[in-house]
Amino acid sequence: MNTKINPQQIAIAGAGLLGRLIAWRLRLQGHDVTIFEAGKLQPDDTLRAAAFTAAGMIAPLSEAVVSDANVYRMGQFALQRWPQWLNDLPQANLPQQNPQLFFAKGSLLVAHPQDESELQQFENELNFVVPECRNYQWLSGHEIQTLEPDLHSHFLRGLLLQEEGHLHNREFLQQLGDELIRLNITIYENTPVEVDPHTIRTLDRTEKFDLVIDCRGLGAKTQLTQLRGVRGETLHVETSEIRLQRPVRLMHPRYQLYVVPKPDNRFIIGATQIESEDLSPVTLQSSLELGSALYTLSPAFAEARIIETDTNLRPAFMDNLPKIFCRPGLIIANGLFRHGYLLAPAVTEQVLAQVAQDHTILFPDLLQPSG
């Protein structure tokens, strides 16, 4: 974007994925940015953004099947934007033992022989939602073993979705948090706020800004009543007995389990999407389903150590799609649902265009009538 920037004093409510990305890009453009975060920049177990619980998949084909073609197109944009943004992070911030954060190796869909119809159903639905998409490939059992030799040998058919990737999300959030500090962005932690045009209200003061950007996720529910929280549960395991090069999804009539490789022999496993705002620990049923399904992907997972279980709430509107509301002095960006890393680049760039008063509409469906 070549639009001339007039520096502004901008407040951002929320330091989750959207808040950090928008703050970072605005600071690089020369704006004076202040962040207000209800929890901590590097969160503990009591209050953290959904982006810390996520698996970090950039999966436009997989998510288009359960949403719409706009999600696919925004996901394509993300696959281009993430490598560009990561190149903007100072290399000194990256851990020497594992400097790579983004991987574009596709993702693999497999099904047990009795469930192979789920793969065909996936292709049918993908072709219906995105008829122009051809960036996937059917695989034989031998080809699956060539790609991922540590998977169970009983998988006879699979789909390789070449146009997908994944991101080491917690490591990225940590490094981006460090970069916000290095860029001298003012950050108020443990500071819940209410927002109005040009105005941030904390428990003990009111501050004025040229612009306020509300990225609080579910924290905005008191003012954005159409938001709801959707519970997600994940299981984290550690084992050196298995290697995966890409995310693997197990297609099943009742759930689609995903396994995503992470640094230090870790894997994150998830499948649950529960219409509840309950933040209590992972249920026994979910734990058993995730664990048993994981074992069927590879018996080597039997000796994996469970190092973490996690729950969080994904902020969502009724259609499960993100929205941007604009009024003079206030921009609200919310509703990433379970598509955080997939859709955040499109939402971020559209917010930046609004700040710059650039009338280029990248993704018009994101913009909502004011009011």
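How much area does the chain expose, and what percentage of it do carbon and sulfur atoms supply? In this predicted model, the exposed area comes to about 16000 Å², with carbon and sulfur atoms supplying 49% of it. As for burial, 54% of the 371 residues in the chain are buried.

On to the overall fold. The chain holds nine helices and 21 strands. Its radius of gyration is 21 Å, close to the 21 Å that the globule rule gives for 371 residues, so the chain is as compact as a globular protein of that length. Laid out along its principal axes, the C-alpha trace spans about 60 × 40 × 40 Å. Contacts tell a long-range story: of those with a separation of 6 or more, 73% link residues 24 or more positions apart. On the charge side, the chain carries 31 positive and 43 negative charges, and the mean positions of the two sets are 3 Å apart.

Now for the strands. Strands of a sheet pair through backbone hydrogen bonds, in either a parallel or an antiparallel sense. One open sheet here is built from three strands in the order β3-β8-β4, with antiparallel pairing. The edges are taken by β3 (57–58) and β4 (102–103); each has a single partner strand, so one side of each is left without a neighbour in the sheet. Between β4 and β8 (residues 165–167), which run antiparallel, there are two bridges. Phenylalanine 102 has leucine 167 in β8 as its bridge partner.

Strand β5 (residues 107–110) is worth a look of its own. Which of its faces are covered? Both are: Ser107 and Leu109 sit on one side, Leu108 and Val110 on the other, and all of them are buried. With a cut-off of under 20% relative accessible area for a buried residue, that puts each of Ser107, Leu108, Leu109 and Val110 below the mark.

The pairing of β5 comes in two flavours. With strand β7 (residues 157–161), β5 pairs in the antiparallel sense over four bridges, and leucine 108 stands opposite leucine 160 of β7. With strand β15 (residues 248–251), on the other hand, β5 runs parallel, and three bridges join the two. In that pair, valine 110 has leucine 250 of β15 as its bridge partner. Put together, leucine 108 and valine 110 lie on one side of β5 and are buried, with leucine 108 facing a leucine in β7 and valine 110 bridged to a leucine in β15.

Methods:
Residues are numbered from 1 along each chain as its sequence is written. This is a predicted model: local features need pLDDT of at least 70, side-chain atom pairs count only at pLDDT 80 or more; totals for chains, interfaces and linings use all residues. Side-chain values use heavy atoms; hydrogens and water are left out. The radius of gyration is taken over C-alpha atoms; the globule rule is 2.2 Å times the number of residues to the power 0.38. Buried means under 20% relative accessible area, exposed over 50%, partly exposed in between (1.4 Å probe, protein chains only). Contact means heavy atoms within 4.5 Å. Accessible areas come from the Shrake-Rupley method with a 1.4 Å probe; for residues, only the protein chains shown count as cover. Lys and Arg count as positive and Asp and Glu as negative; His and the chain ends are not counted. The place of a charge is taken as NZ of Lys, CZ of Arg, CG of Asp or CD of Glu. Two strands pair if DSSP finds at least two bridges between them.
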